[in-house]
Amino acid sequence: MPDQARSAKPSVLFVCVHNAGRSQMAAAYLAHLAGDRIEVRSAGSAPADQVNPAVVEAMAEVGIDISAETPKVLTVDAVQASDVVITMGCGDACPVFPGKRYLDWTLDDPAGQGVDAVRPIRDEIRTRIESLVSELLSDK
């Protein structure tokens, strides 16, 4: 029964406008810290052409390689397939469905910033992801 198998593993979708910075860092941290215990997705309401190079560099500093990632467009299916939807400054672009848990994380946008400005955003995301992992995996 695929539905039961899927529902046994929590799934999280990270959404920001360009899917080039915050949501990419959050998805990478969640995959890194939770492994295959949590299904991870990220998307943008208006995806950029590539992941922000300063974000790639900042994540590489902590041993996480996201250089092969590409921004993805936000789809209704991605939202419907996720248990938790975490938005990061995408406003009303994210569709809302009953029964989903929505969180809005207010984080500075790394767009146009150098790696020095990205590091504190990265570290704040890690702190939030660590709390999210503890919460999602303790619910099991």
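What span should the 13 residues of H2 have at 1.5 Å a residue, and how far apart are its end C-alpha atoms? In this predicted model, the expected span of H2 is 18 Å and the end C-alpha atoms lie 18 Å apart, so the two values agree. Helix H2 covers residues 22-34. Of its 13 residues, 10 are buried, and H2 is therefore largely enclosed by the rest of the structure. The buried set is made up of Arg22, Ser23, Gln24, Met25, Ala26, Ala27, Ala28, Tyr29, Leu30 and Ala34. The cover over these residues includes strands S1 and S2 together with helices H3 and H5. Just after H2 comes Gly35, which has a positive phi, near 60 degrees.

The strands are a good place to turn next. Four of them form an open sheet, arranged in the order S2-S1-S3-S4 with parallel pairing. Strands S2 (39-44) and S4 sit at the edges, where each pairs on one side only. From one strand to the next, the twist averages 20 degrees. Pairing of this kind has a simple basis: strands of a sheet pair through backbone hydrogen bonds, either parallel or antiparallel.

Strand S3 (residues 84-87) can be followed in both directions. Towards S1, the pairing is parallel over four bridges, and Ile86 of S3 is the bridge partner of Phe14. Towards S4, which runs parallel to S3, there are again four bridges. Here Ile86 stands opposite Leu103, while Val84 has Arg101 as its bridge partner. Side chains leave S3 in two directions: Val84 and Ile86 point one way, Val85 and Thr87 point the other way, and all are buried.

Helix H5 packs on this sheet, where it touches S1, S3 and S4, and its direction makes about 155 degrees with that of S1. H5 comprises 24 residues (115-138), which should span 34 Å at 1.5 Å a residue; the end C-alpha atoms are 34 Å apart, so the helix agrees with expectation. Its buried residues are Val115, Val118, Ile121, Arg122, Ile125, Ile129, Leu132, Val133 and Leu136. The spacing of such a list can be read with a general rule in mind: an α-helix has 3.6 residues a turn, so residues three or four places apart point the same way. The buried residues of H5 pack against S1 and S3 as well as helices H2 and H3 (53-61).

Strand S1 (residues 11-16) begins with Ser11. How exposed or buried is Ser11? With a relative accessible area of 3%, Ser11 falls under the 20% limit and is therefore buried. A polar atom of the Ser11 side chain lies 3.0 Å from the backbone oxygen of Ala81. Beyond its neighbours within four places in sequence, Ser11 is in contact with Glu39, Arg41, Ala81, Ser82, Asp83 and Val84.

Further along S1 is Phe14, which takes part in the one aromatic pair found in the whole structure. The ring centres of Phe14 and Trp105 are 6.0 Å apart and the planes meet at 50 degrees, so the pair is tilted. Distant parts of the chain are linked in this way, as Trp105 belongs to the loop between S4 (101-104) and H5, 91 residues from Phe14. Both partners are buried: Phe14 has a relative accessible area of 0%, and Trp105 has one of 9%.

Conventions:
Residues are numbered from 1 along each chain as its sequence is written. This is a predicted model: local features need pLDDT of at least 70, side-chain atom pairs count only at pLDDT 80 or more; totals for chains, interfaces and linings use all residues. Side-chain values use heavy atoms; hydrogens and water are left out. Buried means under 20% relative accessible area, exposed over 50%, partly exposed in between (1.4 Å probe, protein chains only). A polar contact is a pair of N or O atoms within 3.5 Å; within protein, one must be able to donate a hydrogen and the other to accept it, and residues adjacent in sequence count only if both atoms are side-chain atoms. Contact means heavy atoms within 4.5 Å. The expected span of a helix is 1.5 Å times one less than its number of residues. Rings of Phe, Tyr and Trp (its six-membered ring) pair if their centres lie within 6.5 Å; planes under 30 degrees apart count as stacked, over 60 as edge-to-face and the rest as tilted. Two strands pair if DSSP finds at least two bridges between them. Axes are lines fitted to C-alpha atoms, for helices over the stretch in contact, and angles run from 0 to 180 degrees between N-to-C directions.
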